[in-house]
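Me: Please take a close look at one part of this model, the nonpolar patch on its surface, and set that patch in the context of the whole chain.

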Amino acid sequence: MESTAIKEHLKQVEEAMEEVKHLEKEESQWLSYISLSTAIIAIVTALAGLYESQVTSKTILLKNEAVLYQGQASDQWSYYQSKGIKGHIYEVSAEVYPKQSEEFAKKAEKYKKEQEKIKQDAHRLEAIRDQKSAESERYYEKHHILSFAITFLQISIAVASISALTRNKKFWLGSLILSTIGAIIGGYTLIS
């Protein structure tokens, strides 16, 4: 009987060992899935970070261009005012020196004509400034949205790590949900 009991006990031990091997194989596969998904999330995060950097650079570049055009428009307005002052001096001179009034009136008229072109240039530069500034604002909004996307993606990587350490599949599922949210938010910026 002892031999049968020993055989039965050995059989139970073998079954338990097979079950442990099977569970180890399942856990190993599951950890592989976690590793693979975390690597994919890290790649998406890196790409989102790269795009966010480009958006930030574009925001700054456009804002700098807007400031440049504002400076050029201000220069034009200063030039406009100087032409107006010169024209006004000739108008006053025409009144003070009636003998030369025709000559002074022509010069005053010349400055008024020059002012019109300068005014058009100033308005054109201000329009470009406004366009660059508005475009910069759109990129600034994208920057903010991408910051949220990257945050979700980075948190999902941390949660995946917690899942691997605790061997808790719920954390992995949470990681996948967070990364999906981050990817959707990031994708939105690509189509907007």
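Reply: A contact here means a pair of residues with heavy atoms within 4.5 Å. On that basis, among contacts in the protein between residues at least 6 apart in sequence, 81% join residues at least 24 apart. The model is a predicted one.

The patch itself is formed by Leu 36, Ile 40 and Val 44, and its nonpolar surface amounts to about 260 Å². Of these residues, Ile 40 may be examined further. Ile 40 belongs to helix 1, which covers residues 2–96. Its relative accessible area is 47%. Because the partly exposed class lies between the 20% limit for buried and the 50% limit for exposed, Ile 40 counts as partly exposed at that value.

As for the chain that carries the patch, its secondary structure consists of 3 helices and 0 strands, and the order along the sequence reads α-α-α. The radius of gyration is 37 Å, whereas the globule rule gives 16 Å for 192 residues; the value is well over that figure, so the protein is more spread out than a compact globule. The extents of the C-alpha trace along the principal axes are about 145 × 20 × 15 Å.

Burial and surface composition complete the description. Of the 192 residues, 24% count as buried, where buried means under 20% relative accessible area. The protein exposes about 13300 Å² in total, and carbon and sulfur atoms supply 62% of that area. The patch of Leu 36, Ile 40 and Val 44 contributes a nonpolar area of about 260 Å² on this surface.

Technical notes:
Residues numbered from 1 in each chain as written. Predicted model: local features only at pLDDT ≥ 70, side-chain atom pairs only at ≥ 80, totals over all residues. Heavy atoms only, no water. Patch = residues over 30% accessible without salt bridge, like charges linked within 9 Å, V, L, I, M, F, W, Y side chains within 5 Å. Areas by Shrake-Rupley, 256 points an atom, 1.4 Å probe, with all protein chains shown as cover. Salt bridge = Lys/Arg side-chain N within 4 Å of Asp/Glu carboxyl O. Helix = DSSP H or I, 4+ residues; strand = E, 2+ residues; numbered from the N terminus. Buried < 20%, exposed > 50% of the residue type's maximum accessible area, 1.4 Å probe, protein only. Rg over C-alpha atoms; globule rule 2.2 N^0.38 Å.
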